[in-house]
Amino acid sequence: MDFGRPMIKTPGVVSKSNIRLVEETHLGDDPLDRKVCRTANEAAKDFFLGNENPSTRLTPKVVADADAAKDEASDVVESSKNGTSDAIGDKAVISSTSTPGAIQMRLHLVNCSLYSERHLPPARRLIQPNDLVVVFESFNELNFVYATPNAEFNNRNGNFPHNDFIGKPYGCKIRSRNNHGLGFLYLLRPTPELWARSLPHRTQIVHELDASMITHYLNLCPNMTVCESGTGSGAMSHVIMRSIAPKGKLHSYEFNKMRVEKATKEFEEHGLGHLVEVHHRDVCGKKKLLQSTKNASKEKTDESESMTGKKCTAPSQGGDMVNKDESDGNVNEAYNAKEEEDDGAGGFQIGQAVAHAIFLDLPEPWLAVPHAAYTIKPDGRICSYSPCMEQTQRTVAALRQNGFHSLRTVEARLKEYYVDEARMEAPPTDLPVILTEETSSLEKERCATGGLPPKNDDANRGVEQDSTPKATKEPATSSKKRKGNKILCARPFAQMRGHTAFLTFATAGNALRPDPNKDN
């Protein structure tokens, strides 16, 4: 997808400003010129370094050549990759030290030529081989294909060779090769919303309305680190990656090995592999919980055996007696049908206070809340997606126990309207005319004289002419004018999507939480 493409660098306002460090004799040897250069250098250091501005009492060597500054700054960036400094974006900020070497390296960053603007490249207009294309078949039917040379897409509208897709612009209309070209479809540029409507469903997905609410209330921004538990079909993962691009990182967790492999392959095919890391891991730690339950049950059984001298057994469905340890082992074996990459202890395993936001789409999210409290940054945001109110209640209790505050649970319902122009018929105009007493007497006299006006009654004639009902004169023209009028109308769809889930949002506290795995 387009938001996963690498950014390009272009000269901007800062890079064209020519702000850099200069020698004190840049303007001349006059004391006033030297003072102006010193003041300009201090302003440049404040502008580029901020709080990292070294002490003005030290006078390290000044680099005036822009090319040399760029080369030396690249060395600083390389040193950051080796662990000697912290990398933030494309700038290297040296740890707070007062050594002349550290100050010298910081001063190399005071050069406007190092700070060009970065933005996404222009969207590709034409479809290239192996590009993802969303196929619009009808209003409620969307599909997807990877434009592969010599391949063919078939549906009820006809046969569509992929060679007809390649080289065509997004949004174009393609006719079928059979059925005399009566069948057609549209080729759309993929977006997270269109992908959610066309992807192969491995699990239930988060639809666009809930996804927009989650993105908004989690305060997702570019370059964030986000954790998502429950990769599933990957619909919500695409939405998160679009929000944290271009240098953010999504850690997505899934306990099912098959879904992990398929999701990883899809992300790579969509050009988003650098934005996401899919982990085969159960963050809830159910394996450890089941093991602890088994051990507790075994201890209880051993204690009972020591008191009674008999071995406790439990009846199976067929009436046979089986050992309880064996039955517990079967439960663990069923749960561990898919091999896990960890010891089953749970947790996100990326460190303490690392994630800016966490999204939980789990059957039992309250089990993952203690691990989320350890992983999330202070004042970070968390969201739990739960279909049932009982799940929401237990999750809320766990959030409060683990230091989260500002809890809020919402349910979003989507009601779509169909907007179109409708032809409105003109109101009827052949209604009976209500006559007053004066016009009624004139009407009776006209009927008595056979429709002739009364003699020698100019006044009445005038009244009679003026009293002709106007309603009988207007409809002929007014009805013709209003007959073809169209009005923009809106009506709701006959079917509205029902309940999807309850969204629970909370904010992490300022205090760091301990690691639940170490506490246990």
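These questions and answers cover a predicted model.

Reader: In which order do the four strands of the open sheet lie?
Author: The sheet is open, and its pairing is antiparallel. Its edge strands are β6 (141–146) and β9 (173–175), and each of these pairs on one side only. From strand to strand the twist averages 35 degrees. The order is β6-β5-β10-β9.

Reader: Which residue in β6 stands opposite valine 133?
Author: Strand β5 covers residues 132–138 and runs antiparallel to β6, with six bridges joining the two. A hairpin of two residues connects β5 to β6. The residue in β6 opposite valine 133 is valine 145.

Reader: Which residue of β8 stands opposite phenylalanine 153?
Author: Strand β7 spans residues 152–155 and pairs with β8 in the antiparallel sense, over four bridges. The two strands form a hairpin, with two residues between them. Opposite phenylalanine 153 stands phenylalanine 160.

Reader: Is histidine 162 buried or exposed?
Author: Histidine 162 sits in the loop between β8 (158–161) and β9. Leaving aside neighbours within four places in sequence, its contacts are Val145, Tyr146, Ala147, Thr148, Ala151, Glu152 and Phe153. Its relative accessibility is 6%, and buried means under 20%. Histidine 162 therefore counts as buried.

Reader: Which residue has its backbone oxygen 3.4 Å from a polar atom of the side chain of histidine 162?
Author: Look among the contacts of histidine 162, which include Val145, Tyr146 and Ala147. The backbone oxygen at 3.4 Å belongs to tyrosine 146.
That distance falls within the 3.5 Å cut-off for a polar contact, and the partner is tyrosine 146.

Reader: How do the axes of helix α5 and helix α6 cross, at roughly what angle?
Author: Helix α5 holds residues 208–217, and helix α6 holds residues 235–244. Their axes come within 10 Å. The crossing is right-handed. The angle is roughly 35 degrees.

Reader: How many nonpolar residues are in the contact of α5 with α6?
Author: From α5 come Ala211, Ile214 and Thr215, and from α6 come Met236, Val239 and Ser243. Two of the contact residues are polar and none is charged. The nonpolar count is four.

Reader: How far apart in space are lysine 9 and histidine 119, C-alpha to C-alpha?
Author: Lysine 9 is placed in strand β1 (residues 8–10). Not counting residues up to four places away in sequence, lysine 9 touches Ser116, Glu117 and Arg118. In sequence, lysine 9 and histidine 119 are 110 residues apart. In space, C-alpha to C-alpha, the distance is 6.9 Å.

Reader: Is lysine 9 buried or exposed?
Author: The relative accessible area of lysine 9 is 58%. The cut-off is over 50%, so lysine 9 is exposed.

Reader: Which residue does a cis peptide bond join to alanine 245?
Author: Most peptide bonds are trans. Here omega is about 15 degrees, and the bond is cis. The partner is in the loop between α6 and β12 (249–254). It is proline 246.

Reader: What is the phi of asparagine 179?
Author: Most residues other than glycine have a negative phi. Asparagine 179 is not a glycine, yet its phi is positive. It lies in the loop between β9 and β10 (184–188) and counts as partly exposed, at 41% relative accessibility. Its phi is about 55 degrees.

Reader: What is the relative accessible area of alanine 353?
Author: Alanine 353 lies in the loop between α9 (324–335) and β16 (355–360). Its phi is positive, near 55 degrees. Alanine 353 is buried, with a relative accessible area of 19%.

Key:
Residues numbered from 1 in each chain as written. Predicted model: local features only at pLDDT ≥ 70, side-chain atom pairs only at ≥ 80, totals over all residues. Heavy atoms only, no water. Axes fitted to C-alpha atoms, helices over the stretch in contact; angles between N-to-C directions. Left-handed = near helix turned anticlockwise from the far one by under 90°. Contact = heavy atoms within 4.5 Å. Nonpolar A, V, L, I, M, F, W, Y, C, P; charged D, E, K, R; others polar. Pairing = 2+ DSSP bridges. Buried < 20%, exposed > 50% of the residue type's maximum accessible area, 1.4 Å probe, protein only. Polar contact = N/O pair within 3.5 Å; in protein donor to acceptor, adjacent residues only side chain to side chain.
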